[in-house]
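Q: Please take me through this structure feature by feature. For each one, I would like the rule and then the case.

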Amino acid sequence: MGILGFFLALQGFGGLVAAAFGRHFGLLHLWVDGGAHTALSLGLGLLGLVLLGDAVRRGLKKS
């Protein structure tokens, strides 16, 4: 789940940063545009961080 979280965060936040410079990153821009793209990128980025944080927390509990 940690790897999935990493890729979701990269996809989401990378899309926001690329959009700020007028470029496209990832696959989201193929399906949505404008405000929906921003909201979806932010949502994916946050979901990725949650999954990544959960994987790290579980890894620390095992140690």
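A: Helices (H or I, at least four residues) and strands (E, at least two) are DSSP runs, numbered from the N terminus. The expected span of a helix is 1.5 Å times one less than its number of residues. The model is predicted, so local features need pLDDT of at least 70 and side-chain atom pairs count only at pLDDT 80 or more, while totals for chains, interfaces and linings use all residues. Residues are numbered from 1 along each chain as its sequence is written, and side-chain values use heavy atoms, with hydrogens and water left out.

Q: What span should the 29 residues of H2 have at 1.5 Å a residue, and how far apart are its end C-alpha atoms?
A: The expected span of H2 is 42 Å, and its end C-alpha atoms are 43 Å apart, which agrees. For H1, with 19 residues, the rule gives 27 Å, and the end C-alpha atoms are 27 Å apart, again in agreement. H1 covers residues 2-20 and H2 covers residues 34-62. H1 is followed by Gly22, whose phi is positive, near 75°.

Q: Which residues of H2 are buried?
A: Buried means under 20% relative accessible area, exposed over 50%, and partly exposed in between (1.4 Å probe, protein chains only). In H2 the buried residues are His37, Ser41, Leu44, Gly45, Gly48 and Leu51. They pack against H1. In H1, the buried residues include Gly5, Ala9, Gln11 and Gly15, and H2 is part of what covers the buried residues of H1.

Q: Why is His37 classed as it is, and what is it in contact with?
A: His37 has a relative accessible area of 10%, so it is buried. Contact means heavy atoms within 4.5 Å. Leaving aside neighbours within four places in sequence, His37 is in contact with Gly15, Leu28, His29 and Val32. Gln11, in helix H1, is also buried, at 18% relative accessibility. With the same neighbours left aside, the contacts of Gln11 are Phe25, Gly26, Leu27, Leu28 and Leu44.

Q: Is Leu49 buried or partly exposed?
A: Leu49, found in helix H2, is partly exposed, because its relative accessible area is 45%. Outside its neighbours within four places in sequence, Leu49 is in contact with Gly5, Ala9 and Phe13. Leu49 and His24 are 25 residues apart in sequence and 21 Å apart in space, C-alpha to C-alpha.

Q: How many aromatic pairs does the count give?
A: A pair of aromatic rings is described by the distance of the centres and the angle of the planes. Rings of Phe, Tyr and Trp (its six-membered ring) pair if their centres lie within 6.5 Å; planes under 30 degrees apart count as stacked, over 60 as edge-to-face and the rest as tilted. The count here is 1 aromatic pair. Phe6 and Phe7 form this edge-to-face pair, 5.4 Å centre to centre with 65° between the planes. Phe6 is partly exposed, at 45% relative accessibility.

Q: How many salt bridges are counted?
A: A salt bridge is a side-chain nitrogen of Lys or Arg within 4 Å of a carboxyl oxygen of Asp or Glu. The count comes to 2 salt bridges. Arg57 and Asp54 meet at 2.6 Å, N to O, and both lie in H2, 3 residues apart, about one turn of the helix. Asp54 and Arg58 meet at 3.1 Å, N to O. Shared partners join Asp54, Arg57 and Arg58 into one network. Arg58 is exposed, at 52% relative accessibility, whereas Asp54 is partly exposed, at 22%.
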